[in-house]
Amino acid sequence: MPLTQVQFPILSYFLCVVETRTGMPVQATSPMSTAQQQQNGNEDAPKPLPKGMVLGPDGKPCRSCNSGAAFKSWAAMNMKAPTKPVSATTVPPAATATSSDLPSDCPPDVEQLGRSSWTLLHAMTATYPERPSLTQQTETKQFINLFGKMYPCWVCADDFRAWVKKEGNEPKVSNRDEFGRWMCEAHNAVNVKLGKESFDCGKWEERWRTGWNDGRCG
Ligand SMILES: Cc1cc2nc3c(=O)[nH]c(=O)nc-3n(C[C@H](O)[C@H](O)[C@H](O)COP(=O)(O)OP(=O)(O)OC[C@H]3O[C@@H](n4cnc5c(N)ncnc54)[C@H](O)[C@@H]3O)c2cc1C
């Protein structure tokens, strides 16, 4: 029996959660064909989703969980073209492109959100006291805990919380260097998951606090 406009996003979301948790690819059932939709008076039903698209709790593609390119291709299939051309005064040419090829004043995709978030997190370790009070240590752990719950890419947040929970990975906050290295390890866990190179955590302070020893950061 064909799925309705309401059932399809719910099923897609469920399958997406199963795929994320089990690592097993699951095939979403296609929504009704256009002919079927028209027959049912349902012309606005969502189009099939690109493979691997992560959905949000509302059953729609999650912008902060996907690359800008994937989101853009889905949007191109589903959304109306902009009604007004974007004027040069609202989007300066020098600031238009991001790595995902979206204008820089669009909501963040998973990569832009990630880069900005790591910048904040590492910058926090860089300004963390060398001798933090017990209150500072407790509040820092609380922050990490809440960050893991509120991070807008929910699949990223789930994995981050799971990593923090593993034995030996609990936040280490008894001094600046310990916290800086812990954050570097947390970041490396994501790097590994994404197939990126690991960062040398012996250099976390040069990258995020003092600037490189060759003086290029002033
Ligand atoms: C908590 C969290 C979880 C995430 N989970 C996912 C996920 O599941 N899937 C996904 O697609 N994306 C995830 N991201 C985003 C991902 O980590 C990257 O931010 C994104 O892919 C952009 O990568 P990038 O190559 O531009 O550099 P980034 O990884 O964002 O790094 C920015 C800069 O930090 C420096 N750096 C790199 N590694 C380290 C390190 N270990 N220690 C210190 N400095 C370092 C480098 O100079 C680098 O240029 C997550 C982000 C966060 C904050």
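**Entry 1: proline 129**

I count a residue as exposed if 12 or fewer other C-beta atoms lie within 10 Å of its own, as buried if there are 20 or more, and as partly exposed in between. The model I am reading is predicted. I looked up proline 129 and found it in the loop between helix 4 and helix 5. Proline 129 has 12 C-beta neighbours inside 10 Å, and therefore I enter it as exposed. I then asked which residues proline 129 touches once those up to four places away in sequence are left out. They are Gln136 and Arg176. I also noted asparagine 175, which is 46 residues from proline 129 in sequence, with 6.5 Å between the two C-alpha atoms.

**Entry 2: proline 107**

I turned next to proline 107, which sits in the loop between helix 3 (68-78) and helix 4. Is proline 107 buried or exposed? I record it as exposed, because 12 other C-beta atoms lie within 10 Å. Its C-alpha atom is 7.9 Å from that of serine 64, and 43 residues separate the two along the chain.

**Entry 3: the overall fold**

I checked the secondary structure and counted eight helices and zero strands in the protein. Along the sequence the pattern reads α-α-α-α-α-α-α-α. Of the 218 residues, 19% count as buried. I also looked up the contacts between residues at least 6 apart in sequence, and 53% of these join residues at least 24 apart.

**Entry 4: helix 4 against helix 7**

I describe two packed helices by the angle between their axes and the distance between the axes. For helix 4 and helix 7, I read an angle of about 160° and an axis separation of 8 Å. Helix 4 is therefore roughly antiparallel to helix 7, as angles over 145 degrees are classed that way. The crossing of helix 4 past helix 7 is left-handed. From helix 4, the contact draws on Trp118, Leu121, His122, Thr125 and Ala126. Helix 7 contributes Arg176, Phe179, Gly180, Met183 and His187. I sorted the residues of this contact by class and obtained five nonpolar, four polar and one charged. Arg176, listed here for helix 7, is also one of the residues that proline 129 touches.

**Entry 5: helix 5 against helix 6**

How do the axes of helix 5 (residues 134-150) and helix 6 cross? I found that they come within 7 Å and cross at roughly 145°. On the helix 5 side the contact is made by Ile144, Gly148 and Lys149. On the helix 6 side I listed Ala157, Phe160, Arg161 and Val164. By class, the residues of this contact are four nonpolar, one polar and two charged.

**Entry 6: the ligand shell**

I then examined the 21 residues around the ligand. Which of them come nearest? I noted Gly114, Cys156, Cys184, His187 and Phe199. His187 is also among the helix 7 residues in the contact with helix 4. Helix 4 (110-126), helix 6 (154-165), helix 7 (176-193) and helix 8 (204-210) each give at least two residues to the shell. The largest share, seven residues, belongs to helix 4. Sorted by class, the shell holds 11 nonpolar, six polar and four charged residues.

**Entry 7: alanine 186**

I located alanine 186 in helix 7. It has 19 C-beta neighbours inside 10 Å, so I enter alanine 186 as partly exposed; the class of buried begins at 20. I looked up glutamate 170 as well, which is 16 residues from alanine 186 in sequence and 9.9 Å from it, C-alpha to C-alpha.

**Entry 8: glutamate 206**

I closed with glutamate 206, which is placed in helix 8. Why do I list glutamate 206 as partly exposed? The reason is its 14 other C-beta atoms within 10 Å, a count that falls between the limits for exposed and buried. Setting aside neighbours within four places in sequence, I found glutamate 206 in contact with Gly211, Trp212 and Asn213. Cysteine 217 is 11 residues from glutamate 206 in sequence, and their C-alpha atoms are 9.6 Å apart.

Key. Residues numbered from 1 in each chain as written. Predicted model: local features only at pLDDT ≥ 70, side-chain atom pairs only at ≥ 80, totals over all residues. Near = placed C-beta within 6 Å. Helix = DSSP H or I, 4+ residues; strand = E, 2+ residues; numbered from the N terminus. Nonpolar A, V, L, I, M, F, W, Y, C, P; charged D, E, K, R; others polar. Axes fitted to C-alpha atoms, helices over the stretch in contact; angles between N-to-C directions. Contact = placed C-beta atoms within 7 Å. Parallel < 35°, antiparallel > 145°, perpendicular 65-115°, else oblique. Left-handed = near helix turned anticlockwise from the far one by under 90°.
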